[in-house]
Amino acid sequence: MADDIATAPSSPAPDAAAAARRAESHYGLRRRTLDRMRSKTTDLDQSPMRIDPRIYTDPAYFERERQTLFRETPILAGLSMDVAEPGDMMLFDALGPSILITRDKEGKVNAFLNMCMHRAAKLVTECNRRTRMTCRFHGWTYDLQGKLIGQPGKEGFEGIERAELGLIRVPVAEWKGMIFVRATPGGAPIDVADHLGDFGDELAALQLEKAKPVAASRIECDANWKYAYDTYGESYHFASLHPTTIGALAFSNIMVYDPFDNGHCRLGFPREEFMDYADQDEADWPHTDYGGLYMLFPNVSINVNSMKGGGQFYGISRVFPGDQVNRSFSLLNTYQPAHSSHADEIDRWREMHDFIQHVVSSEDYSVSRDGQDNLQWAPEGFRTTLGRNEIALQHFHRRMASIMGASA
Ligand code: FES
Ligand SMILES: [Fe+2]
């Protein structure tokens with residue numbers, strides 16, 4: 001009897017619980033998306049919104065954004081499996097300073113300025129699994145927790161405490177498979193649960209901690225980072241800008257919008273094949289791994305989508321300010337969720353990655369570049385307009401205005 005009690009699960013295993021939570025959330029999104037498809041309507045904001053183009057063109061405003069949003073708030077640096085094992089490391093240079101992220105022997109994630117404490121050379125220039133890091137300039141060596149453990153010719157440095165020469169830490173936090181950093185050393189620890197608010201529960205169901213990295217690319221764009229990022233948050237342009245790519249897979253101008261705390265949101269876009277079973281009972285719907293687009297304020301979109309032939313795709317796009325107000329770059333990373341692992345079919349994930357990279361760079365970012373070029377010549381008083389149907393963009397820009405102050 002005691003054995004029975006010990007072995008009987010009192011609650012579902014964590015994987016089963018996450019799978020159930022994910023299915024409930026994703027089926028709910030599909031149900032609401034189908035309702036919108038049947039009625040040919042979309043979620044709408046209260047009224048259209050006018051945008052002062054200087055938020056895309058003003059260099060001083062851009063500098064404030066870089067500081068306030070990208071150096072003083074937590075930013076997604078990667079997923080746990082990017083540094084899966086003790087000794088794994090990665091460089092995250094997108095915020096300005098080169099940041100070195102390691103997983104130490106205890107399995108904990110650390111983040112440092114990638115700067116040798118001798119004369120500030122870049123400590124790590126190539127990432128691979130190892131137990132220590134040696135500077136290529138004069139050979140100072142650090143362990144995975146940033147402690148200085150080797151100093152050739154150490155008599156030359158008498159009088160300086162070795163303990164003072166550990167790498168400079170920047171705040172880092174790993175939570176449910178996501179690694180967040182803040183690029184400025186010091187300050188309070190990162191509280192991811194607080195940063196995500198009620199979005200955390202949705203993201204936890206994705207089990208990002210088990211998502212395996214498949215492919216990564218960087219795309220340059222001659223447009224302000226917000227002009228590039230705006231292209232992710234509406235379906236209004238699908239038919240006109242993407243007639244043979246995304247527009248052939250999903251209906252234009254129909255969207256479901258779920259706001260969450262702190263400017264995060266999730267979008268549902270209607271996929272053509274939903275109509276194939278729109279009239280059937282939900283119990284008879286084919287299983288798909290469609291989950292919508294998770295937008296993590298201020299610069300991340302996680303595309304949780306089903307693939308042809310089955311399986312779920314996690315495509316993470318992060319948009320960052322470039323070196324000038326009219327330049328940005330994006331990091332595209334594709335992951336394979338553990339519940340969709342077909343090791344022999346990994347090429348299908350790579351193909352999806354290449355497809356998205358192609359669409360983003362040759363379609364979305366080409367229009368971003370053109371629009372950005374025009375905005376610098378826009379006459380005084382000109383405003384761009386966001387329609388009621390561009391609801392996610394309206395919320396994004398209102399959130400931005402509340403953080404940055406109303407005007408550029
Ligand atoms: S700068 Fe790194 S050892 Fe000299
Ligand atoms: Fe697009």
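This report describes the two largest pockets of a predicted model.

Residues are numbered from 1 along each chain as its sequence is written, and chains are lettered from A and ligands numbered from 1 in the order in which they are written. In this predicted model local features need pLDDT of at least 70, side-chain atom pairs count only at pLDDT 80 or more, and totals for chains, interfaces and linings use all residues, while side-chain values use heavy atoms, with hydrogens and water left out.

A pocket is an open set of points on a 1 Å grid over the protein atoms alone, where a 1.4 Å probe fits and protein lies on both sides within 12 Å along at least five of seven lines; lining residues have an atom within 4 Å of a point. Volume is the space filled by probe spheres set on the points, which are joined across faces, edges and corners.

| Pocket | Volume | Lining by class |
|---|---|---|
| Largest | about 910 Å³ | 17 nonpolar, 18 polar, 7 charged residues |
| Second largest | about 460 Å³ | 9 nonpolar, 5 polar, 3 charged residues |

Here Ala, Val, Leu, Ile, Met, Phe, Trp, Tyr, Cys and Pro count as nonpolar, Asp, Glu, Lys and Arg as charged, and the others, Gly among them, as polar.

The largest pocket has 42 lining residues, and I246, N303, N305, M352 and F355 are the closest to its centre. Helices (H or I, at least four residues) and strands (E, at least two) are DSSP runs numbered from the N terminus. Helix α9 (346–375) is among the elements that supply at least two residues each to this lining, and α9 gives the most, 9 residues.

In the second largest pocket, Y227, D230, E234, V367 and E390 lie nearest the centre, out of 17 lining residues. At least two residues each come from α7 (225–230), α9, β18 (384–386) and α10 (391–404); the largest share, 3 residues, is from β18.
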